[in-house]
Amino acid sequence: MSEASYSIKAVARRTGLTPHAIRIWEKRYGVVRPARTDTNRRLYTEAEVERLALLRNATRAGHSISHVAQLPNDRLAALGSVTPPPDTDVSRSSAPGADLLFLSVTAVRTLNTLDFEAVLERGLLALGHHGLLEKLVGPLAREIGNLWRDGTITAAHEHFASAVIRTFLVSSYKPFAFSKDMPTLIVATPAGQLHELGAVMVAAAGNDLGWRVIYLGTSLPAAEIAGAALQNEARAVALSIVYPEDDPTLEAELKSLRRFLPATHILVGGRAADAYASSLAAIGAILPPDLTDLYQELDKLRTLRKPRALGAGNSTGKEPTKNHL
């Protein structure tokens, strides 16, 4: 038997990594270079298995794979045995809620519902409704996105986090009694967009500001989003666009939404929104650059008596700006 004798499934069992993470780390960071069989199956050496295990320990201690991928094994061993240093993304002690962020990431990685709910409860008590979104849920959404893109966690972790956060926010964000005078906000993700953390955050922000929020969920065609908006006389529609950045069908969906809703404000945020900047500008979308600006936009739109007729071009009169809702 050759030295390179471990299949990717065997490596996954020994290291605790998923096959997906192993492939992503190989492709993006070159952490190991396994041999290949005649049928193109990967075979790993004992040394490569050991290195992957060390990288796993370092990332579970809170270090980004992009920061540690090229470190020697002795450094990785040291990093994996201690908590993250102050300059890592999930452990900035000077940032409000940093300890809660680290605990949240840990709970998501271990898929621990009770621990995650307890951290969110602590965050709500310490930061309030608005602060919970800005100082914990927003940074957590970005960190989960980074870990997913690195292959450190899987889509299952992202869906787990979204479900727990959505349930928690629905049960805690009820500051206003329903009134027929409340403006309606439709929240969804367009067809092909399956990541919902950003949409959940927007729904919570709208509820916090006294909107009647109707949350439709993920990956809905423009006609269905528009139908819900028209049926409920919505003043605004909020969309979250996170991944992918190169969906060839999304531009047509956005144009259709504006055609169906010529007088409804459309707010758009998300990690991938910049990739569709020209399409969003063409439909007059409002692009808040962060949660603070989102609160301001929602507050401003809430005071309008009725929506303006919106044509092509950015309704704010500004160029689209980067956003991470």
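1. Leaving aside its neighbours within four places in sequence, which residues is S279 in contact with? The two are E251 and L254. The model examined here is a predicted one. S279 sits in helix α12, which spans residues 277-282. Its relative accessibility is 8%. Buried means under 20%, so S279 counts as buried.

2. Next, the sheet. It is open and has 4 strands. Their order is β4-β3-β5-β6, and they pair in parallel. β4 (212-220) and β6 (265-269) are the edge strands, each pairing on one side only. From one strand to the next, the twist averages 20 degrees.

3. One pairing in the sheet can be followed by residue. Strand β3 covers residues 184-190, and strand β5 covers residues 236-240. These two strands pair in the parallel sense, over 4 bridges. Look at I186: its bridge partner in β5 is V237.

4. Helix α9 lies across three strands of this sheet: β3, β4 and β5. Relative to β3, α9 runs at about 175 degrees. Angles over 145 degrees count as roughly antiparallel, so α9 is roughly antiparallel to β3.

5. α9 also packs with another helix. Residues 197-208 make up α9, and residues 291-302 make up α13. The angle between the two helices is about 45 degrees, and their axes are 10 Å apart. That angle makes α9 oblique to α13. The crossing of the pair is right-handed.

6. Which residues of α9 and α13 make the contact? From α9 come M201, V202, A205, G206 and D208. From α13 come L291, L294, Y295 and L298. By class, the residues of this contact divide into 7 nonpolar, 1 polar and 1 charged. Gly counts as polar and Asp as charged, so G206 is the polar residue and D208 the charged one.

7. Now to helix α1, residues 8-15. Which of its residues are buried? They are I8, A10, V11, A12 and T15. The cover over these buried residues includes α2 (19-29), β2 (42-43) and α3 (46-60).

8. Check what comes after α1. The helix is followed by G16. The phi of G16 is positive, near 85 degrees.

Key. Residues numbered from 1 in each chain as written. Predicted model: local features only at pLDDT ≥ 70, side-chain atom pairs only at ≥ 80, totals over all residues. Heavy atoms only, no water. Axes fitted to C-alpha atoms, helices over the stretch in contact; angles between N-to-C directions. Parallel < 35°, antiparallel > 145°, perpendicular 65-115°, else oblique. Left-handed = near helix turned anticlockwise from the far one by under 90°. Contact = heavy atoms within 4.5 Å. Pairing = 2+ DSSP bridges. Buried < 20%, exposed > 50% of the residue type's maximum accessible area, 1.4 Å probe, protein only.
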